[in-house]
Number of protein chains: 2
Amino acid sequence: MTTIKEVAKLAGVAVSTASNAINGNYGVKKETKQKVIEAARKLNYVPNPIAQGLVNRNTGNISIIVSGPSSFNLFNNPVFFEVLRSITQTLNTAGYQAHLNIITTEDEETEIPRIARSRYTDAMILVGSRRNDIDLAQLLGDIDIPVLVVIRSSPSSGVYAVSSDHWNCGYKGTEYLIQLGHKEIAFLGALPGVSIADERLAGYREALEDHGLTYRDSLVIEGDFYQESGLTGIRHMLRQVLRKPTAIFAANDLMALGALEGMEQEGIRVPEDISIMGSDNIPNLHLLKVPLTTISTPFYEIGRLASEKIIGILEGKDDLPEKIVLPSELRVRESTKRMSS
Amino acid sequence: MTTIKEVAKLAGVAVSTASNAINGNYGVKKETKQKVIEAARKLNYVPNPIAQGLVNRNTGNISIIVSGPSSFNLFNNPVFFEVLRSITQTLNTAGYQAHLNIITTEDEETEIPRIARSRYTDAMILVGSRRNDIDLAQLLGDIDIPVLVVIRSSPSSGVYAVSSDHWNCGYKGTEYLIQLGHKEIAFLGALPGVSIADERLAGYREALEDHGLTYRDSLVIEGDFYQESGLTGIRHMLRQVLRKPTAIFAANDLMALGALEGMEQEGIRVPEDISIMGSDNIPNLHLLKVPLTTISTPFYEIGRLASEKIIGILEGKDDLPEKIVLPSELRVRESTKRMSS
DNA sequence: CTGAAAGCGCTTACAG
DNA sequence: CTGAAAGCGCTTACAG
């Protein structure tokens, strides 16, 4: 590995002028600069980022922390890879490295502070945490590097967020079902205190009320945004409730998949007996037994803006708002149908 | 950020003994060691890995490079996240950090050497490259840090590999179709020079021949292991060939999904008209219109062993073989049926 | 067992 | 415009 010392030697200058020539910081005569550049090229010189990091007090690394359920065989969501892809590409293009950590909800409490203190990273981007806002705010309060959460709203000031409009997603989805003539609409994915769930639920509720329908707790089903909870949640609800809903709004596609499975097990046909829609628009929904109507979330765009925001903060040229909210879109497929009443 | 200097000061010793006490390298009196440990604890001392890296000449980072097609909207495979999850967890448990790079096939040529030379990383794990073995061997030949490829065989000596038995996968899948009475079996996913494709194809061919069936080029369909190629490949084949196959072995599930879609567009029923099976066992195949029969690949296990292997190499206690091959299993669902002849 | 010194590869004031 | 010196936070021989 060639060092700046060797470059300086070949160019016949001091290491400090070699450094200045390469980084263009201080005034360097044109010719000497040329000599140094030439020597560096000849020797295939690549500055050692570790050494640079030591003096510059930064690492060029940004940690992406993906958090998921502790039963790891449930820990899968096609959304994650899409977000990782856009974050790492944006980061790399800007000359940063992405550190990846994949942890469980339980480990957040020890791992997040550990990673922040490790000095391996200049900032962190949080993906997928299902911790409620109050606890998350507390956990992130002690972190002294920039923190950004993605696909959920900021739990507290000082924590940046890039997300889509969850309230609107809940509202728009529910309104669509109402327009199809449904009056008994269930909500799948209540998770009190977690903003993404609270906001989608609030949108659902307001859509109902705006259209003169009654919000009822018995039609609100808990779910943790993983598939299994959709399956168990829907089966439980179907057995409990006297008047079955005619439609279900699921707060994400994964739970909708679970619900599809649960309804199949209960002998309920979709959409003939019950309509269902999801949210997110994960890949290949059109190939399902019942192609799923959903509301898309712009994951690639979210990841891109999250990275740009974090880089802006680190480089002191942050021109994006503290909270970025992107729009989402309805994608109608075959799991929802007009009431034939 | 507290440094070892402050720890040493509080403990009343020199920084070198503080260092020795903490790292336990040289002999240190029990009491002084205690004093140092205590001081470090009190000050919440975390060694700066950047500084350590500079003297130890390692970074503690391992790069995971995921490579995919250049048309990025096609770049999605649920397999990737599963592999990332197992690699990063294993790496982190052993005290290493995962660097993530997500690139395109085209960029491999510039990015892989760049990452290797960047000094940001001690080793690299390659995921998803569809470059043919000869070119890959050449590309990796110049890399002077340990390189391991995952889910494909090693293209050359010096490159480590952790994979499943692709030949057996092709053989076992084809044999299953033969046992169902099929005699005209197509292979979807030929990609000459790429070991995973070549090996699955070789297994397919040998299964045919072992059972007295003729291998025919016209039934071998090209595919790049992404979904789109399954769709176009199958449509093309169905229009070209005179005698339609009664079954298809797809070299991965993603192409099988594309094929499912293509056959639907061509008005062909699965499995009534044509049986199809995939490989990999990605999530939620049981929820498809036609639940897909497949051969599972142990992705989590592959990622875990890949990380252990790389760590073993870096730490000089490598006790795993240079090429690790794991078994895969048949998962029968509804996309394959017995010939009713 | 302990500490002073040198050095990892770089950058940043500062003198000339 | 150029170079000698100091320093980033650590570890590693080496002298005592």
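This report describes a predicted model, moving from the build of chain A to its contacts with chain B and with DNA strand D.

## Overall build of chain A

Chain A of this predicted model contains 12 helices and 12 strands. Its C-alpha trace spans about 90 × 35 × 35 Å along the principal axes, and its radius of gyration is 25 Å, whereas a compact globule of 341 residues would have a value near 20 Å.

Of the 341 residues in chain A, 52% are buried. Among the contacts in chain A with a separation of 6 or more, 73% are between residues that lie 24 or more positions apart.

## A covered strand, β5 of chain A

Strand β5 of chain A, residues 160-164, is mostly covered, with 5 of its 5 residues buried. Its side chains are divided between two directions, since A:Y160, A:V162 and A:S164 point one way while A:A161 and A:S163 point the other way, and all of them are buried.

Strand β5(A) has parallel partners that can be followed residue by residue. One of them is strand β4 of chain A, residues 147-150, which is joined to β5(A) by 3 bridges and runs parallel to it; here A:V149 stands opposite A:A161. Another is strand β11 of chain A, residues 323-326, which is joined to β5(A) by 4 bridges, again in the parallel sense, and in this pairing A:S164 stands opposite A:L326.

## Where chains A and B meet

The contact between the two chains involves 37 residues of chain A and 37 residues of chain B. On the side of chain A that touches chain B, the elements giving two or more residues are α4 (49-56), α5 (78-93), β2 (97-104) and α11 (253-265), and α5(A) gives the most, with 9 residues. By class, this side of chain A has 19 nonpolar, 12 polar and 6 charged residues.

A strand pairing also links the two chains, as β2(A) and strand β2 of chain B, residues 97-104, pair in the antiparallel sense over 3 bridges. Within this pairing, A:L100 stands opposite B:A98.

## The surface near DNA strand D

Around DNA strand D there are 28 residues, of which A:A14, A:S16, A:G27, B:T3 and B:S16 come nearest. By class, the residues of this surface divide into 13 nonpolar, 13 polar and 2 charged.

Both chains supply helices to this surface: α2 (15-23) and α4 of chain A, together with α1 (4-11), α2 (15-23) and α4 (49-56) of chain B, each supply at least two residues. Helix α4 of chain A therefore has a place in two settings, as one of the elements on the side that touches chain B and as one of those supplying the surface near DNA strand D.

Note on methods. Residues are numbered from 1 along each chain as its sequence is written. Chains are lettered from A and ligands numbered from 1 in the order in which they are written. This is a predicted model: local features need pLDDT of at least 70, side-chain atom pairs count only at pLDDT 80 or more; totals for chains, interfaces and linings use all residues. Two residues are in contact if their C-beta atoms, placed from the backbone, lie within 7 Å. Ala, Val, Leu, Ile, Met, Phe, Trp, Tyr, Cys and Pro count as nonpolar, Asp, Glu, Lys and Arg as charged, and the others, Gly among them, as polar. Two strands pair if DSSP finds at least two bridges between them. A residue is near a molecule or strand if its C-beta atom, placed from the backbone, lies within 6 Å of it. The radius of gyration is taken over C-alpha atoms; the globule rule is 2.2 Å times the number of residues to the power 0.38. A residue is buried if 20 or more other C-beta atoms lie within 10 Å of its own, exposed if 12 or fewer, and partly exposed in between; C-beta atoms are placed from the backbone.
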